[in-house]
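Thanks for agreeing to look at this one with me. Below are some numbered points to read with the model open beside you.

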Amino acid sequence: MTEDSRPRMGELFGGDSSGGFLGLEIVSPADIGSARADIVICGVPCATPYVSVGSYCADAPSAVRAAFGWPGVLDHHDFDADSTPVTGGVRAVDVGDLPYDERDFKANRAAISAFVNQVASVGGVPLVIGGDDSVPIPVLDGLAGHETFSIVQIDAHIDWRDEVAGERFGLSSNMRRASEMPWVTNIVQIGARGLGSARPSDYADACAYGVQFLPMRAIAADGMAHVIDALPSGGKVFVALDVDALDPSIVPAVIGPAPGGLTYWQTVQILEAVAARSEIVGFDLVELMPANDVGGRGALVANRLLARMLSLVSQQRAGRIGDTP
């Protein structure tokens, strides 16, 4: 039996889901100004890939959307949220994937930033499905001119390289570039572990900037309480989630796996705590690499984490965040 011929749960319940993520209404990116959406899900297959590896996550948005194929789930009870995925009265839409160019990275970044800026200008919250970890740079850039905010980055790597082979906007530089944005007030980085691309000078620069690091070794030793206590409180927050923050036994579909990562429930706990303490102004989920997935497990976890963020922002917009578990 091939993968394409395996029975799917969606078929048991009446066929494949239609529409966007979880069956959300699909709206053209060109119409987002008039869509009156509180929450906008957007796929960004590519921003600034390193030439050495190319756009290896370009098919991730499609994989994340397809990972949960039940029809009509928007009116089902989600036990992780203790509610339906979208709170009544809140409008959430999916604009599909932005187009990208394999060669014109500057144009990719400009298009991403312009779209995110448009979403924010009409009062929407962008929830972005990457794409590799270069995607957060233009997404964060698109929030310029609105309000200041903190970043909570959940990632196995700190991404503070100034450049890699001359490229300053790639996946290893997103927090370095974010630190240069005046509208970013502070950065909390959760989950760093093992060896990555950071040199000692990169880590020193991050510390000098004022990053609060909560590495996995400390989480393993001391638990989650100190992580929750360190999260920003009372302001606005952008959440940047690289799925390699989770242990590779849970999300195998990454290019840079590192043992000893977060569990699904630890990640959910962080997302819920951020939402309980601060207003979420944006979210990106990046670095899912479908070519490295095993039985679709990584895509399913990514789908569930995006669904949890959707419900959290929905509850915030409805003034019901206190209802979260």
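1. Let's begin at E287, which sits in the loop between β9 (279-286) and α10 (297-317). This is a predicted model, and in it the phi of E287 is near 75 degrees, a positive value in a residue that is not a glycine. Is E287 buried or exposed? With a relative accessible area of 3%, E287 falls under the 20% limit and is therefore buried.

2. A second residue worth checking for its backbone is D159. You will find D159 in the loop between β5 and α5 (174-179). Although D159 is not a glycine, its phi is positive, at about 60 degrees. D159 has a relative accessible area of 6%, so this residue too counts as buried.

3. Please also look at the peptide bond between G130 and G131. That bond is cis, with omega at about 20 degrees. G131 belongs to the loop that links β4 (125-130) and α4 (136-141).

4. Next comes A47, in the loop between β2 (39-44) and α2 (60-66). A47 has a relative accessible area of 0%, so it is buried. Which residues touch A47, once neighbours within four places in sequence are set aside? They are F105, N108, I112, S134, V135 and P138. To get a feel for the distances here, take A47 and D141: they are 94 residues apart in sequence, and their C-alpha atoms are 12 Å apart in space.

5. Now step back to the sheet. Its 9 strands pair in parallel, and the sheet is open, with the order β1-β3-β2-β4-β9-β8-β5-β6-β7. At the edges stand β1 (25-26) and β7 (212-214); each has a single partner strand, so one side of each has no neighbour in the sheet.

6. The end of the sheet that holds β7 is a good place to follow the pairing in detail. Strand β5 (residues 149-154) runs parallel to β6, and 5 bridges join the two; here Q153 stands opposite Q189 of β6. On the other side, β6 (residues 184-190) pairs with β7, again in the parallel sense, over 3 bridges. The bridge partner of I190 in β7 is L214. How many of the 7 residues of β6 are buried? The count is 5, so β6 is mostly covered. While you trace these strands, keep in mind that side chains in a regular strand alternate between the two faces of the sheet.

7. As for the whole fold, the protein has 10 helices and 9 strands. Its radius of gyration is 18 Å, close to the 20 Å that the globule rule gives for 325 residues, so the protein is as compact as a globular protein of that length. Along the principal axes, the C-alpha atoms fill a box of roughly 55 × 45 × 45 Å. Among contacts between residues at least 6 apart in sequence, 79% join residues at least 24 apart.

8. Last, a word on surface and charge. Of the 325 residues, 55% count as buried. The protein exposes about 13,300 Å², and carbon and sulfur atoms supply 54% of that area. There are 22 positive and 40 negative charges, and the mean positions of these two sets lie 2 Å apart.

How values were computed: Residues are numbered from 1 along each chain as its sequence is written. This is a predicted model: local features need pLDDT of at least 70, side-chain atom pairs count only at pLDDT 80 or more; totals for chains, interfaces and linings use all residues. Side-chain values use heavy atoms; hydrogens and water are left out. Helices (H or I, at least four residues) and strands (E, at least two) are DSSP runs, numbered from the N terminus. The radius of gyration is taken over C-alpha atoms; the globule rule is 2.2 Å times the number of residues to the power 0.38. Buried means under 20% relative accessible area, exposed over 50%, partly exposed in between (1.4 Å probe, protein chains only). Contact means heavy atoms within 4.5 Å. Accessible areas come from the Shrake-Rupley method with a 1.4 Å probe; for residues, only the protein chains shown count as cover. Lys and Arg count as positive and Asp and Glu as negative; His and the chain ends are not counted. The place of a charge is taken as NZ of Lys, CZ of Arg, CG of Asp or CD of Glu. Two strands pair if DSSP finds at least two bridges between them.
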